[in-house]
Amino acid sequence: MSSSELDTEIDLIELVDVLWQGRYVIAGLTAFVSLIAFVFFYFMPSTHQISLSIRSLSPQEMSAYAPLNNVPGISKPIYADEQLIGQTGVVLARDLMQAVRSEISSKTSLRQAIAELDPKFADFEDSPAERAQALTKAANRFDLTSEPFEEDQIVSDILETKTQNPELTEQIIARAIDLIRSSIRQQNLIAIANLSKSIEAGLTYETEALEAEIDNDKQTYFDNLDRKITILKEQAKIARVLNLATPSQNMTINATASSGAGNFQPAKESSFTLGYKALEEEARLLEQRKKSDWKVFSPGYAEKAAQLRKLKNDKRLQRVETGLALSPLSRPETFTPAIFDTENILVEPASNKPLILILVALLTGILTSLFVLFRHYTAARSAGLD
């Protein structure tokens with residue numbers, strides 16, 4: 001064995017001997033610090049991590065809104081190979097999930113739930129502004145982790161917070177969810193009511209405009225009919241006067257026939273005679289028309305009448321009302337904009353106290369051992385200098 005190896009062995013033996021001599025100091029100080037840490041952790045409230053899973057509604061769960069979403073003409077149409085196959089709908093899983101995220105992010109429902117359930121705010125002695133600030137601070141302890149939307153896939157979010165009172169926090173979360181459901185349901189009911197008003201206003205406007213156009217066509221027909229009859233009668237009078245004033249045409253025809261000149265043809269009525277008779281006959285026939293005949297002689301009446309019937313037979317309002325009554329929106333006790341897994345709220349300790357105590361004891365033992373060694377070698381060095 002070399003001298004260096006012998007010195008190392010002697011040093012290790014000396015080191016162990018020094019630590020052994022100071023064992024009572026090391027053990028005592030370690031036990032004392034560990035006891036203080038244990039008492040501190042024992043009386044300190046435990047902090048827990050609370051996690052709530054939230055997921056968007058599946059296509060099967062959204063089928064409850066089919067009677068409302070499949071009403072033609074209330075949302076964008078869906079085409080397949082240029083064929084209309086349905087409507088996108090007015091109540092969509094993505095919109096409902098986005099509304100949940102907005103409600104949680106705004107913290108409005110959380111603040112209200114905390115104000116209702118947290119005893120600290122029951123008899124808050126400070127000013128209303130300070131109370132509102134404290135509520136906002138308490139609500140901001142809740143964090144939402146969201147997944148990005150991709151097409152129509154189901155997404156899941158996690159609502160998390162740390163608390164020293166898990167039971168109260170679970171109650172606050174449950175109350176906040178009830179408030180979120182009620183708020184989003186009310187928002188959708190208002191949106192559907194506005195949609196119904198829009199449909200009703202559009203139908204009323206189009207119907208009244210088309211009825212006014214048809215009435216205008218009717219009045220125009222009778223105005224034109226009266227004008228035409230008046231003109232025909234006036235023309236007939238003129239033709240009569242011209243026929244009486246120019247009988248020379250008949251005389252010329254007779255003279256030609258008696259002299260044998262030209263081809264003889266039987267005498268006919270003059271064009272004036274034929275003219276005023278035709279005019280009088282036309283005026284008479286126009287006067288004999290029935291009032292209902294205006295529909296036959298008005299261009300475009302058939303198309304306009306068909307369009308008017310279509311507007312008056314529009315069933316969108318009734319279908320929206322029926323679809324709403326059949327949807328979960330009509331039942332506040334069953335409506336949910338997303339699936340809140342309140343039955344499986346995850347409660348986990350935010351800190352591992354036993355592990356922390358072990359680490360405290362180890363660290364205290366190491367520091368105490370270093371102190372014992374430092375004290376020994378300092379004393380040995382002082383003795384060597386003397």
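This is a guided tour of the structure, one selection at a time. The model is predicted.

**Stop 1: helix α12**

Start with residues 301-312, which make up helix α12. The helix has 12 residues. From first C-alpha to last, α12 reaches 16 Å, close to the 16 Å expected at 1.5 Å a residue.

Now show the side chains. Which residues of α12 are buried? Select Tyr-301, Lys-304, Ala-305, Leu-308 and Leu-311. They sit on the same side of α12, because they cover an arc of only 120 degrees around the axis. Then turn to the other side of α12. There, Ala-302, Glu-303, Arg-309 and Lys-310 are exposed.

**Stop 2: from α12 to α8**

Keep α12 on screen and add helix α8, residues 166-245. Select Lys-304 and Glu-213. These two form a salt bridge, with the closest N and O atoms 2.9 Å apart. Glu-213 lies in α8 and Lys-304 in α12, so the pair ties together parts that are 91 residues apart in sequence.

Is Lys-304 buried or exposed? Lys-304 counts as buried because its relative accessibility is 18%, and buried means under 20%. Its partner Glu-213, at 37% relative accessibility, counts as partly exposed. Add Asp-217 to the selection. Salt bridges that share partners join Glu-213, Asp-217 and Lys-304 into one network.

Move on to Lys-312. Which residue is its salt-bridge partner? Select Glu-211: the closest N and O atoms of this salt bridge are 3.3 Å apart. Lys-312 lies in α12 and Glu-211 in α8, so this pair ties together parts that are 101 residues apart in sequence. Lys-312 counts as exposed, at 52% relative accessibility. Glu-211 is partly exposed, with a relative accessible area of 29%.

**Stop 3: another salt bridge**

How many salt bridges does the structure hold? There are 12. One more to inspect joins the side chains of Glu-61 and Arg-55, at 3.0 Å from N to O. Glu-61 is partly exposed, with a relative accessible area of 28%. Arg-55 is also partly exposed, and its value is 26%.

**Stop 4: aromatic pairs**

Show the aromatic rings next. The structure holds two aromatic pairs. Select Tyr-221 and Phe-222, which form an edge-to-face pair. The ring centres are 5.1 Å apart, with 75 degrees between the planes. Tyr-221 counts as buried, at 8% relative accessibility.

Then select Trp-294 and Tyr-301. This pair is edge-to-face too, at 5.1 Å centre to centre and 70 degrees between the planes. Trp-294 is buried, with a relative accessible area of 6%. Tyr-301 brings you back to α12, where it is among the buried residues.

**Stop 5: between α5 and α6**

Go to Lys-107. It lies in the loop between α5 (93-106) and α6 (108-117). Check the backbone: what is the phi of Lys-107? Phi is positive, about 65 degrees, although Lys-107 is not a glycine. Lys-107 is buried, with a relative accessible area of 13%.

Step back into helix α5 and pick Met-97. At 0% relative accessibility, Met-97 counts as buried. Add Pro-337 and draw a distance between the C-alpha atoms. They are separated by 6.4 Å, although the two residues are 240 residues apart along the chain.

**Stop 6: the loop before β4**

Select Arg-141. Where is it? Arg-141 is in the loop between α7 (128-139) and β4 (143-145). It is partly exposed, with a relative accessible area of 44%. Now add Thr-161. The C-alpha atoms of Arg-141 and Thr-161 are separated by 5.8 Å, and the residues are 20 apart along the chain.

**Stop 7: a nonpolar surface patch**

Finish on the surface. Which residues form a nonpolar patch here? Select Leu-355, Ile-358, Leu-359 and Leu-362. Together they have about 390 Å² of accessible area. Leu-355 is in helix α14, residues 353-385. At 45% relative accessibility, Leu-355 counts as partly exposed.

Terms used: Residues numbered from 1 in each chain as written. Predicted model: local features only at pLDDT ≥ 70, side-chain atom pairs only at ≥ 80, totals over all residues. Heavy atoms only, no water. Patch = residues over 30% accessible without salt bridge, like charges linked within 9 Å, V, L, I, M, F, W, Y side chains within 5 Å. Areas by Shrake-Rupley, 256 points an atom, 1.4 Å probe, with all protein chains shown as cover. Salt bridge = Lys/Arg side-chain N within 4 Å of Asp/Glu carboxyl O. Helix = DSSP H or I, 4+ residues; strand = E, 2+ residues; numbered from the N terminus. Buried < 20%, exposed > 50% of the residue type's maximum accessible area, 1.4 Å probe, protein only. Expected span 1.5 Å × (residues − 1). Arc of directions from axis to C-beta. Phe/Tyr/Trp six-rings, centres within 6.5 Å; stacked < 30°, edge-to-face > 60°.
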